Structures are given as C-alpha cells and as structure tokens.
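Reader: I'd like to see the reasoning behind the labels people put on a model like this one. Can you take me through it?

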Amino acid sequence: MCGVFGAALPESFDQDAAGLAALGLFALQHRGQESAGVAVSDGRELMVYKDLGLVSSVLDEHRLPSFRGPLAIAHCRYSTTGSTVWENAQPTLRVGRGHGLAIGHNGNLVNTRELLGLLSGGRARLPATTDTELLTALLADASDGDTVEALLRVLPEVRGAYSLVVLDAHRVIGVRDPHGFRPLVLGRLSPPAGPDDDTTAGWLLASETAALDVVGADVVRDVEPGEIVVLEAGRPPRSIRFAEPTPALCVFELIYFARPDSYLEGRNLYEARRRMGIELAAEHPVDADLVMPVPDTGAPAAAGYAEASGIPYREGMVRNRYSGRTFIQPSQGMRQRGVNVKLSPLREVVRGRRLVVVDDSIVRGTTTKQIVGLLRRAGAAEVHVRISAPPIHHPCFYGIDTQIETELIAATQSVDEIRDFIGADSLGYLSIRGVLSALELPYERFCFACFDGRYPVPVPYDPGARKFALEEQRPPDAVGAAR
C-alpha cells in the first residue's frame, strides 16, 4: 500500500527532481503514513534522506533544497514486512561493486526466506528487516554497473507483489510485477519553455494518476505487468518486457486504497465507487430517512446508494482532516483510539432518524462498532450499515497488512454475528458480482483473494512470523500490529 514516485528531468527544467518527487509524494500520503524519504542523483552520486513521520514533516522546505540533481525517487511507507523503525524507512540504498542504487517499493514479497538463501552473507548483511532491503542487496550483488541487467537477473527469482522505482546514478527505473498487483503509471511533464518533444520533456512514475495531476503532468499509460520502464534525462522512455503478464490488480485498490480522483484500468475511481453504491442499493435495500457516508472513503458509494434508493443524502459525521487513515495505523490500539479523534457525529442531523451508513469495508470490525456507537449516542433511531465491498475472509500477502484470519471478523463470524457485534440494526455487503458489475470489467483482471481465497501467487502460510520473517524475533508488541 506504499506510495512511490520517480522523476527524470532534462536540462530544460530549471528545478531539481527531488522537489518534484516530494510534491508528488504529498498526493500519495494516503498510501502510507509511517515514514517518508527521497533519493536523488546528480549524475555521479546518490543521496538518500528518510525518516519516520509524514511527508510534510520529513521532506520540508528546509531539507529539500540540499538535494540537487535531475533524477529522484520518493517513498511513503505502510509496513507489511518489518517493524516501524527508522532503519526500515525507504528508499533503501546500496553500493555494489562501486555501483550505487536506491529503491522504493510498493507491495510485498512472499518468498523472502528463499531469497535470503540467495544472498551472500545472509541476514547479517541486512541493516534493515524489510523485503525491500533484501531485494536491494540482491540487486547490488548482481550488478556490475548495469542496474537493468541486474534486474533481469534477479526478478525471475522474486515472487509476490512489487511496483518499484529504482534509482542509480544515471537512470530512474520503474518495475511492475507480472501480475501487476499494485498500480504504477508513467507520466510526461512538458518543459517550462522551448520546444516540447520527448527529449525535452520530463518523465515521471507514480503509484497513482492523482500524483501526476498534482505536479501538472500528463498521464501517458500504466506500466504494464511484467514490464521495466527506463527513464533517462533527455531521452524518451525505454520499455523492456521481463515476464509474460498475467494481470491481477488488487481490486481493493479500486474499492478503498487509491484516491477517488485517480484512474485505474481506465476507470475514474469516484465514478466506480458511486456505481458500487448503486449496486449495493439494489442488493440490500432498506427503509430509512437518510443515507450518510463514513467520511471520507465511504462518500462516493453513499452518493450512489442515495441516488439509486431515492433516500436523501446527508453528511452525518465530521472528519478531522489531520487524523490519518484508521485502517493503516500501526497497531490495533491506535486504530481504536483513532476513531474517536477522527470522527464526530452531527447530532442535529442524526437525532431521531433511521440512518443508512455506507462504508467501503469492514476489516476487524472494531472501527465500525465504534462508529455505530457514536451514532447511537448522538440519538440515531436506527443504524443500517451497508458495505461497498464483499466480506474479507482471507489475509492478503501482496501488500495489505491483514496477517491472519483471526484478525478478520468475517473469517470467523457470519454476517448476522457481525451485525450483532457492531450493534447495527441490519448489515449488507456488496457481492463480488456487484463489484464487477460496477466496474464493467471481467473477474480475471483482478485479485479477489482477500474475498474468495483464490491467490494468484502461491504463498507460504506462516501467519505467526511472516511479517517479521527477517527479524531475529518478533517485537513484543507486534501481535496485531500493522505498519
């Protein structure tokens, strides 16, 4: 779920790539809130700065001016391998055979122990405990000065989800795994003055199209599954196919993770989520006075539900804009406390009314339970919960921090039992068929594994230690933790 950004700017741009990459990363802050960082090349040397915290606190106006160069990558982290410590922040940096490279990674590898066996020196060579650090070390070992050749040698051994931005002294390289679990898009930035062609344009990579919009770039296309895209300042992009594509984009990206103003699979995500709300109203109608969203991610589906049902739409809760995304907080305790900070009910709106409360997902159930409780205490007469996604029955191994079934309420309880647990008058989930109807795309284009257990890449099922497989022992507070 991390956010990545890359920039390669020719001499026609009177700015450094690090500042542009940091600006793009601001638009991807929703994808990871634990740490942020930037790596920059001036054509000779690489420099990396990273720290724990939000993009605004790590990459501020006091630090960025010191990062000079036409090539840069940036990263914000949501952890699925390794603890939330400074050493695990990204981009990673390695020097192998006199050749430096830095990596920002969105996704999660599933064969880290196998890959560790390929690394000369093994665990002792890893200063950090992430799959990204391991991949960086393997590439440094395989490189004789050509990062692309190193990627072509190492990637066939790698299993799992990886959308990468890779930086060496002379290039920014984008990589997307053969299934394309996580998004990665190519963008073009016109020069500020002079002729505009592919040699004078800036070339960008980003997790989402919204980040390209923020920096004023045009979306060129998605990086294809199984593709390497090489960006060099003053040259048009070069494409290399390293594996046959078998697309399986995480459908949860379209339901929840990505910004509603982004585009995936040619679909605007606000419109896709609105259509999910329309399908949800058809599958689970209810007699009520108001339709309201759980801010902010439930708003598009709530608008669709209200449109299809004819029930008036109103905002029933106010969201603290500075509270972050509860689902990706790094511990269950923080998630629970975060709800009270994040949401406040509008008592005059909800008092005495029968509410349809629309959200995008229920993962562990505790957040939804607290929301229903807030609305009850504010005087709601009835609370009917509608979810614009299917029940999450299975853990994700490809970049979402749902470790084991016991963390997922739908894996152990029926819909009626979940309704009773959260305290709602009724509960309805959108079906997989409803999701596909809203997207107007075939099932085969997506990964639905968290909903139906059909994993595109076989996974070693080791729920007790998978997230901390590269650490000597699990941290004492790691149970239920999320990065």
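Author: What follows is a short back-and-forth on helix pairs, a cavity and some backbone details, all from a predicted model.

Reader: Fine, start with the helices. Why are helix 8 and helix 9 called oblique to each other?

Author: Their axes cross at roughly 45 degrees. Angles under 35 degrees count as roughly parallel, and 65 to 115 as roughly perpendicular. The value for helix 8 and helix 9 fits neither range, so the pair is oblique. The crossing is right-handed, and the axes come within 6 Å.

Reader: What makes this a contact, and which residues meet in helix 8 and helix 9?

Author: Contact here means heavy atoms within 4.5 Å. From helix 8 (residues 269–283), the residues involved include Y270, R273, R274 and G277. On the helix 9 side (residues 299–309), P300, A301, A303 and Y305 are among them. By class, that contact has nine nonpolar, three polar and three charged residues.

Reader: And helix 4 with helix 5: at what angle do they pack?

Author: About 115 degrees, with the axes 8 Å apart. Helix 4 covers residues 131–142 and helix 5 covers residues 147–154. Helix 4 passes helix 5 in a right-handed crossing. L135, L138, L139 and A142 in helix 4 meet A150, L151, R153 and V154 in helix 5.

Reader: How many of the residues in that contact of helix 4 with helix 5 are charged?

Author: One is charged, seven are nonpolar and none is polar. Arg counts as charged, whereas Ala, Val and Leu count as nonpolar, so R153 is the charged one.

Reader: On to the voids. How many cavities of 30 Å³ or more are there?

Author: Three. The largest has about 50 Å³ of space, and its lining is made of C250, P395, C396, Y398, I400, C447, A449 and C450.

Reader: What makes you class that lining as you do: how many nonpolar, polar and charged residues are in it?

Author: Eight nonpolar, no polar and no charged. Cys, Pro, Tyr, Ile and Ala each count as nonpolar, so the lining of C250, P395, C396, Y398, I400, C447, A449 and C450 comes out that way.

Reader: Now the backbone. Where are the cis peptide bonds, and what is omega for each?

Author: One joins Q90 and P91, with omega about 10 degrees. P91 sits in the loop between strand 4 and strand 5. Another joins P295 and D296, with omega about -15 degrees; D296 is in the loop between strand 17 and helix 9.

Reader: Last one: what is notable about phi of E265?

Author: Phi is near 55 degrees, a positive value in a residue other than glycine. E265 lies in the loop between strand 15 and strand 16.

Technical notes
Residues numbered from 1 in each chain as written. Predicted model: local features only at pLDDT ≥ 70, side-chain atom pairs only at ≥ 80, totals over all residues. Heavy atoms only, no water. Axes fitted to C-alpha atoms, helices over the stretch in contact; angles between N-to-C directions. Helix = DSSP H or I, 4+ residues; strand = E, 2+ residues; numbered from the N terminus. Parallel < 35°, antiparallel > 145°, perpendicular 65-115°, else oblique. Left-handed = near helix turned anticlockwise from the far one by under 90°. 1 Å grid on protein atoms, 1.4 Å probe; cavity = no way out; pocket = protein on both sides within 12 Å on 5 of 7 lines; lining within 4 Å. Points joined across faces, edges and corners; volume = space filled by probe spheres on them.
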